[in-house]
Amino acid sequence: MAHRTTAPTTTAADFGLLLIRLTFGLLMAAHGAQKVFGLFEGQGLTATGKGFGALGYHPGELFAVIGGMSELLGGLGLALGLLTPLAAAALIGVMINAMVTVTGAHGLWETDGGVEYNVCIAVVALAVAAIGPGRLAADRPFRWGKGGWKEAAFALGLGGIAAAITLTL
């Protein structure tokens with residue numbers, strides 16, 4: 001008698017993780033598109049570049065492209081579950097920069113201009129790298145698609161190094 005094998009069923013947890021990735025990732029991608037392309041009522045590259053320049057990033061427009069594209073591509077990567085640790089690193093790096101240059105001086109709460117929002121973004125990105133993007137992701141066939149300590153350390157380490165380099169320029 002032949003043994004019948006069944007494919008694992010998709011669970012509520014798989015759909016829950018997909019919902020987190022899609023919501024979070026697409027909103028971050030749109031946030032980046034506001035900066036770079038002026039989409040979704042965003043300021044666009046010229047105005048964003050002036051804002052980055054006022055924060056001490058020179059040339060401001062170049063750093064606006066780097067920050068905006070990190071949010072755009074990092075968000076799309078998380079939404080698709082594609083190169084998840086790298087996508088998480090991009091968002092973590094941008095959020096560290098935001099905390100150091102903009103929100104850190106204002107305390108914790110977002111209502112006071114504080115780090116609350118930036119911390120939440122960085123933690124969600126790190127958690128997705130640690131958990132893995134789930135069964136409903138483009139990364140599923142790859143080792144890093146399963147998440148783990150190495151993937152989380154890679155995302156946090158690369159995001160931190162990129163932020164540190166950016167902050168010293």
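Phenylalanine 142 makes a good starting point: its relative accessible area is 39%, so it is partly exposed. Keep in mind as you explore that this is a predicted model. From that ring we will move to the other aromatic pairs, then to some backbone details in the loops, and finally to the way helix 4 packs against two other helices.

**Aromatic rings**

- The structure holds three aromatic pairs.
- In one pair, the ring centres of phenylalanine 142 and tryptophan 144 are 4.8 Å apart, and the ring planes meet at 5°, so this pair is stacked.
- Tryptophan 144 has 31% relative accessibility, so it counts as partly exposed, and phenylalanine 142 is partly exposed too.
- Tyrosine 57 and phenylalanine 63 form a tilted pair, because their planes lie at 45°, with the ring centres 5.4 Å apart.
- Both tyrosine 57 and phenylalanine 63 are buried.
- Phe52 joins Tyr57 and Phe63 in a cluster linked by ring pairs.

**Backbone details in the loops**

- Look at the loop between helix 1 (12–37) and helix 2, where you will find phenylalanine 40.
- Phenylalanine 40 is a residue other than glycine with a positive phi, near 55°.
- With a relative accessibility of 55%, phenylalanine 40 counts as exposed.
- Glutamate 41 also lies in the loop between helix 1 and helix 2, and its phi is positive as well, near 65°.
- Glutamate 41 counts as exposed, at 83% relative accessibility.
- Now move along to proline 59, in the loop between helix 2 (44–54) and helix 3 (60–80).
- The peptide bond joining histidine 58 and proline 59 is cis, with omega about 0°.

**Helix 4 against helix 6**

- Helix 4 (residues 84–103) packs with helix 6 (residues 149–168) at an angle of about 40°, and their axes are 7 Å apart.
- That angle makes helix 4 oblique to helix 6.
- The two helices, 4 and 6, cross in a right-handed way.
- On the helix 4 side, the residues making the contact include Pro85, Ala88, Ile92, Gly93 and Ile96.
- On the helix 6 side, Phe154, Ala155, Gly159, Gly160 and Ala163 are among them.
- Sorted by class, the contact of helix 4 with helix 6 has 13 nonpolar, six polar and one charged residues.

**Helix 4 against helix 5**

- Helix 4 also packs with helix 5 (residues 116–131), this time at an angle of about 160° and with the axes 9 Å apart.
- That angle makes helix 4 roughly antiparallel to helix 5.
- The crossing of helix 4 and helix 5 is left-handed.
- Helix 4 residues that meet helix 5 include Thr84, Leu91, Met95, Ala98 and Met99.
- From helix 5, the residues meeting helix 4 include Asn118, Ile121, Ala122, Ala125 and Val128.
- By class, the contact of helix 4 with helix 5 has 14 nonpolar, three polar and no charged residues.

**Residues to find in both contacts**

- Pro85 of helix 4 takes part in the contact with helix 6 and also meets helix 5.
- Ala88 and Ile92 of helix 4 can likewise be found in the contact with helix 6 and in the meeting with helix 5.

Terms used. Residues numbered from 1 in each chain as written. Predicted model: local features only at pLDDT ≥ 70, side-chain atom pairs only at ≥ 80, totals over all residues. Heavy atoms only, no water. Axes fitted to C-alpha atoms, helices over the stretch in contact; angles between N-to-C directions. Parallel < 35°, antiparallel > 145°, perpendicular 65-115°, else oblique. Left-handed = near helix turned anticlockwise from the far one by under 90°. Contact = heavy atoms within 4.5 Å. Nonpolar A, V, L, I, M, F, W, Y, C, P; charged D, E, K, R; others polar. Buried < 20%, exposed > 50% of the residue type's maximum accessible area, 1.4 Å probe, protein only. Phe/Tyr/Trp six-rings, centres within 6.5 Å; stacked < 30°, edge-to-face > 60°.
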